[in-house]
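Work through the exercises below with the sequence and the 3D view side by side. Try each task before reading its solution.

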Amino acid sequence: METLNAQKPTKNNNIAMKITGAEAIIHCLLAEGVDLIYGYPGGAIMPVYDELYKFQDKLTHILTRHEQGATHAAQGYARVSGRVGVAMATSGPGATNLVTGLADAQIDSTPMVCITGQVPRHLLGSDAFQETDIVGISTPVTKWNYQITKASEIPEIMAKAFYIAKSGRPGPVLVDITKNAQFDELDFTYEKCTKVRSYNPVPKPDLESIKAAAELINNAKKPYIVWGQGVILGKAEEELKALIEKAGIPAAWTIMGESAIPTSHPLNVGMVGMHGNYGPNVLTNECDLLLAIGMRFDDRVTGSLDTYAKQANVVHFEIDPAEINKNVKADVAVLGNAKDTLAALLPFVKENSHDAWHKEFDKKYEEEFKTVIENDIHPTKPGLTMGEVIEEINIAAKNKAVIVTDVGQHQMIACRYAKFEQSKSNITSGGLGTMGFALPAAIGAKQGAPEREVVAIIGDGGYQMTIQELGVIFQHQIPVKIVVLNNDHLGMVRQWQELFFDKRYASTVMVNPDFVKIAEGYHIEAKSVSKREDLKSAVEEMISSDKPYFLEVKVEKEDNVFPMIPSGASVSDIRLK
């Protein structure tokens, strides 16, 4: 058992030390290996912040400019580092401002522990100043939550929080702590949690299911893999690569799974989904075997479920039993961590190549390249395109950058055209689609992987939702590179209005401020470009800088994202223009 005294974490034969609940919180964080917290202080959490002040040499606290920014920064940190992100806020509005980030982390399976202060126990339910039932509010958007009302509960609950957040399918946990529990004393010892009754985070793989999957793979003529973030979370990148290479199976990715396999890999055929690549979408309805690995058959991937892969046998590799048969019926379900199940599968899979099947993907790519990709990357029209900006970033960063995207057209373009050679390189808000995600998430990503180049790609709409987090970048001199693709519109909504609402552009035109002056107000080097001849040098200057840098690129106002599957349509109905 690991124990801590009031001054310094030690192993001292489980000798309990009497400390306050607030100090106990700090020791719990240290015991879990936490060295970075994002947050915003207030009255109900002030005792913990007072103790945090005493431990500044061991725990770095980043004061975000809004509590939502704290959660997104914690998400970015967790997604790049693979560790649990930690955010902290006070009661009432401080706590409710965390909810968007909690919901985002829940649907995107991001390990995060949020700590909130609460009014004293005797005032609970009295509508006291800044009292809000954050446990009730956050229950639908957390993996687990708990309200601590006694100091003696702190060690056990904190240990349980970290275990639940990071085990199995990860997710966010919220711990709400009343103010009296922070002031009261307890006999403190700490033991990391390794088990929770009735909670089975990683199902044991079933050998018969694995053999059944292998038989389907060996007999298939047109096998096809779609992988998701479960491969990255399960650290199964090498196992996936070994499978596709041994069996010769073309493999596509959801946006959350992007970067698990290098973009340049010859069996990586591209992105599925509403704005995914043409071949991976159309040929979903022509394969005879669909292997879904660590993905949940989101509606943006499947389109109409009535027509999705009805001709194919479906094998679903998944850690969460709740996802099996939820949207798409599986002929074979293989439960467990993808690293374990794919490793167990490999010996039963025969070597193959499927050359004729691969050529069908090649043909679809050539069609998409002529109609869409060439015009996005090498446009002939005078205005700048989003695609060519992403391509210049690829070149300048040598395909090594972590790309953090917000939500909208720029997100889809970045996911389509960014090139990656390393896993955990694409950080985006996938399931919730949270505008305002990218700027604070990029801060967390840079602090989670300081040795890597981190580039935030943001639209002019989403950027202004969390623009205040420039203050964090300035205060801590975090060398994040910020690229705003400015088309003076809420671009994705405008595209839908153009295509499906007879060009009635209701409330999508943006009258924007001078973004360069705003960045310069935070003492961040800034530049704006609107001409093609200036783009390359501006991107190179940004990437070569060792300081924070802001680059605005003024792009075409009606630069639509294609291909596109209309909402509710079949993946076979994908439009190239």
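**Exercise 1. Place Gln68 and list its contacts.**

Step 1. Gln68 sits in helix H3. Helices (H or I, at least four residues) and strands (E, at least two) are DSSP runs, numbered from the N terminus.

Step 2. Gln68 has a relative accessibility of 16%, so it counts as buried. Buried means under 20% relative accessible area, exposed over 50%, and partly exposed in between (1.4 Å probe, protein chains only).

Step 3. Set aside the neighbours within four places in sequence; Gln68 is then in contact with Asn97, Thr100, Thr434 and Met435. Contact means heavy atoms within 4.5 Å.

Two notes on the source. This is a predicted model, where local features need pLDDT of at least 70 and side-chain atom pairs count only at pLDDT 80 or more, while totals for chains, interfaces and linings use all residues. Residues are numbered from 1 along each chain as its sequence is written, and side-chain values use heavy atoms, with hydrogens and water left out.

**Exercise 2. Describe how H3 packs against H18.**

Step 1. Pick the quantities. Two packed helices are described by the angle between their axes and the distance between the axes.

Step 2. Helix H3 (residues 67–81) and helix H18 (residues 438–448) have axes that come within 6 Å and cross at roughly 40°. Axes are lines fitted to C-alpha atoms, for helices over the stretch in contact, and angles run from 0 to 180 degrees between N-to-C directions.

Step 3. Classify the angle. H3 and H18 are therefore oblique to each other. Angles under 35 degrees count as roughly parallel, over 145 as roughly antiparallel, 65 to 115 as roughly perpendicular and the rest as oblique.

Step 4. Give the hand. H3 and H18 cross in the right-handed sense. A crossing is left-handed if the near helix is turned anticlockwise from the far one by less than a right angle, and right-handed if clockwise.

Step 5. Name the residues that meet. H3 brings residues including Gly69, Ala73 and Gly76. Among those of H18 are Pro440, Ala441 and Gly444.

**Exercise 3. Which residues of H1 are buried?**

Step 1. They are Gly21, Ala22, Glu23, Ala24, Ile25, Ile26, His27, Cys28, Leu29, Leu30 and Ala31.

Step 2. That makes eleven of the eleven residues of helix H1 (residues 21–31), so H1 is largely enclosed by the rest of the structure.

Step 3. Look just past the helix. Gly33, just after H1, has a positive phi of about 80°.

**Exercise 4. Trace the six-stranded sheet.**

Step 1. Write the order. The open sheet runs S13-S12-S11-S14-S15-S16, with parallel pairing. Two strands pair if DSSP finds at least two bridges between them.

Step 2. Find the edges. Strand S13 (268–271) and strand S16 (332–335) each have a single partner strand, so one side of each lacks a neighbour in the sheet. From one strand to the next, the twist averages 20°.

Step 3. Follow the bridges. Strand S11 (residues 223–227) pairs with S14 over five bridges. Ile225 has Leu291 in S14 as its bridge partner. S14 also pairs with strand S15 (residues 313–318) over five bridges. There, Leu291 has Val315 as its bridge partner. S15 and S16 are joined by four bridges. Glu318 stands opposite Leu335 in S16.

Step 4. Add a helix. H9 packs on the sheet and touches S14, S15 and S16. Its direction makes about 130° with that of S16.

Step 5. Check both faces of S14. In a regular strand the side chains alternate between the two faces of the sheet. Leu289, Leu291 and Ile293 lie on one side of S14, Leu290 and Ala292 on the other, and all are buried.

**Exercise 5. Classify two aromatic pairs.**

Step 1. Start with the count. The structure holds ten aromatic pairs. Rings of Phe, Tyr and Trp (its six-membered ring) pair if their centres lie within 6.5 Å; planes under 30 degrees apart count as stacked, over 60 as edge-to-face and the rest as tilted.

Step 2. Tyr163 and Tyr199 are 5.9 Å apart centre to centre, with 85° between the planes: edge-to-face. Tyr163 lies in helix H7 (residues 154–166) and Tyr199 in the loop between strand S10 (185–188) and helix H9 (207–219), so the pair ties together parts 36 residues apart in sequence. Tyr163 is buried at 13% relative accessible area, whereas Tyr199 is partly exposed at 24%.

Step 3. Tyr463 and Phe515 have ring centres 5.5 Å apart and planes at 70°, so this pair is edge-to-face. Tyr463 is in helix H19 (residues 460–463) and Phe515 in helix H22 (residues 515–521), 52 residues apart. Both Tyr463 and Phe515 are buried.
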